[in-house]
Amino acid sequence: MRKIQISFLAFAAFFSTGCPKYRPSVNFNDKGSFVNKVNDHFADMESKYFAALPRDPATAKIIRNELIEDSLPYIDGAYIDFITDIQRGRDRTNFVADVIELGTTAAVGITKGERPLQILGVALTAFRGGRRSADLNFYKEQSTPVLIIKMDGNRARVRATILTREKSSVEDYPMGAAISDIVDYYNAGTLVRAFTELQKDTALQTKASEDNVLMLKGVPITPEATLDTRDLAVSASDILQVDIFTQLNDPAEKALATKRLQNIVEALEKDKDAAAALKNAGASSKDTDGVKLRIALIAIRRAAALVNNAALLKTINRAIVDTPIPPMPAPSPTSSPTPSPATPTATPPTMS
């Protein structure tokens with residue numbers, strides 16, 4: 001009796017924790033399968049597309065859009081089968097697991113003897129742990145409806161992108177990009193993509209909550225740095241700390257550097273926030289002291305960074321980088337010396 005119970009539990013545990021499918025089924029050997037139908041459709045439409053592309057881009061655009069619209073139903077059909085299978089399979093697995101767990105719990109209540117009770121207790125604990133592990137590792141503790149809703153949302157977002165890009169010309173939306181979007185549409189209906197997007201959503205919600213707490217505490221929020229923002233800040237720093245600093249210390253280029261600083265300050269005075277910062281620093285585009293203007297720009301950049309005023313900091317950096325270097329003053333024409341009139345030489349008298 002004990003062997004039968006243990007064998008039944010082991011079999012049921014294996015059955016109930018079988019690995020789920022993560023994507024729509026693809027059979028490369030079946031000529032009538034999803035992947036072969038799509039590949040045959042691609043090959044046929046691509047040959048027509050490239051034949052029409054050089055002489056008639058409008059026809060090529062129509063063929064491209066037909067390829068997209070004719071291939072999506074194949075993906076939709078495979079996706080419907082996929083979500084039906086995971087819903088039905090997980091329901092069946094959970095039902096069998098519940099029956100086994102309830103049956104074992106009932107058996108514990110009617111079994112006599114200390115040793116059989118220990119065996120059933122250990123087996124029940126192991127079964128519950130295995131079921132918990134399967135739910136955690138295979139489904140990330142997400143219910144099937146939540147996963148299906150997320151996959152539907154992912155697919156709808158890609159579909160909207162495709163519909164928008166279908167209006168573009170073949171130059172802006174070539175065949176390769178269209179096929180890439182079709183692949184994205186297929187991948188959007190997989191469990192792996194659903195898990196990834198759910199994690200992103202959770203991370204965004206957590207970040208928003210943390211930022212809200214910081215704002216309520218009066219703590220400034222540091223915006224996420226981007227590559228463009230970093231490059232802009234580095235370029236502005238190099239101009240102030242290296243280029244203009246070197247020119248101000250060169251008597252031959254000091255006037256040019258001062259004029260450049262005046263132009264930068266003048267551009268910033270057109271922005272309300274930047275103009276207020278310059279006023280607080282006591283700087284104006286009318287100032288002729290280049291050293292003072294440079295120090296003022298450094299001060300307002302630092303003040304904006306300390307309070308995490310990303311908008312003002314970007315405005316200052318953009319003005320520093322985008323303000324063109326003033327041209328070198330043209331050399332004044334040098335006048336040639338006026339030749340002095342020649343002094344007449346006296347002719348010596350001749351002796352007769």
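These exercises work through a predicted model.

**Exercise 1. Which elements build the largest nonpolar core, and which residues have the most contacts inside it?**

Step 1. The largest nonpolar core has 24 residues.
Step 2. Helices H8 (227–248), H9 (254–268), H10 (272–281), H11 (290–306) and H12 (310–322) each give two or more residues to this core.
Step 3. H11 supplies the largest share, six residues.
Step 4. Ile 244, Leu 268 and Leu 297 have the most contacts inside the core.
Step 5. Take Leu 297. Beyond four places in sequence, Leu 297 is in contact with Leu 240, Leu 261, Ile 264, Val 265, Leu 268 and Leu 278.
Step 6. Another core, of 22 residues, lies apart from the largest one. Leu 67, Leu 72, Ile 162 and Val 170 are among its members.

**Exercise 2. Is Met 151 buried or exposed?** **Find what it touches.**

Step 1. Locate Met 151 in helix H5.
Step 2. Its relative accessible area is 0%, so Met 151 is buried.
Step 3. List the contacts, leaving aside neighbours within four places. They include Tyr 79, Phe 82, Ile 83 and Ile 86. Ala 188, Gly 189, Thr 190, Leu 191 and Ala 194 also touch Met 151.
Step 4. Check a distance. Met 151 and Asn 187 are 36 residues apart in sequence, and their C-alpha atoms are 9.3 Å apart.

**Exercise 3. Describe the salt bridges of Glu 69, Asp 181 and Asp 287.**

Step 1. The structure holds seven salt bridges.
Step 2. Glu 69 meets Arg 159 at 2.8 Å, N to O. This pair joins helix H3 (residues 57–110) to helix H5 across 90 residues of sequence. Glu 69 is partly exposed because its relative accessibility is 28%.
Step 3. Asp 181 pairs with Arg 165, with the closest N and O atoms 3.0 Å apart. Here helix H6 is linked to helix H5, and the partners are 16 residues apart. Asp 181 is buried at 8% relative accessibility, whereas Arg 165 is partly exposed at 28%.
Step 4. Asp 287 pairs with Lys 292 at 3.6 Å between the closest N and O atoms. Asp 287 is buried at 18%, while Lys 292 is partly exposed at 36%.

**Exercise 4. Why does Glu 166 count as having no salt bridge?**

Step 1. Find Glu 166 in the loop between helix H5 (144–165) and helix H6 (175–187).
Step 2. Glu 166 is buried. The nearest side chain of opposite charge, Arg 159, is 4.5 Å away.
Step 3. A salt bridge needs the nitrogen and oxygen within 4 Å, so Glu 166 has none.
Step 4. Beyond four places in sequence, Glu 166 touches Lys 61, Arg 64, Asn 65, Ile 68, Glu 69 and Tyr 173.

Key. Residues are numbered from 1 along each chain as its sequence is written. This is a predicted model: local features need pLDDT of at least 70, side-chain atom pairs count only at pLDDT 80 or more; totals for chains, interfaces and linings use all residues. Side-chain values use heavy atoms; hydrogens and water are left out. Helices (H or I, at least four residues) and strands (E, at least two) are DSSP runs, numbered from the N terminus. Buried means under 20% relative accessible area, exposed over 50%, partly exposed in between (1.4 Å probe, protein chains only). Lys and Arg count as positive and Asp and Glu as negative; His and the chain ends are not counted. Contact means heavy atoms within 4.5 Å. A nonpolar core is a set of buried Ala, Val, Leu, Ile, Met, Phe, Trp, Tyr and Cys residues joined through side-chain atoms within 4.5 Å.
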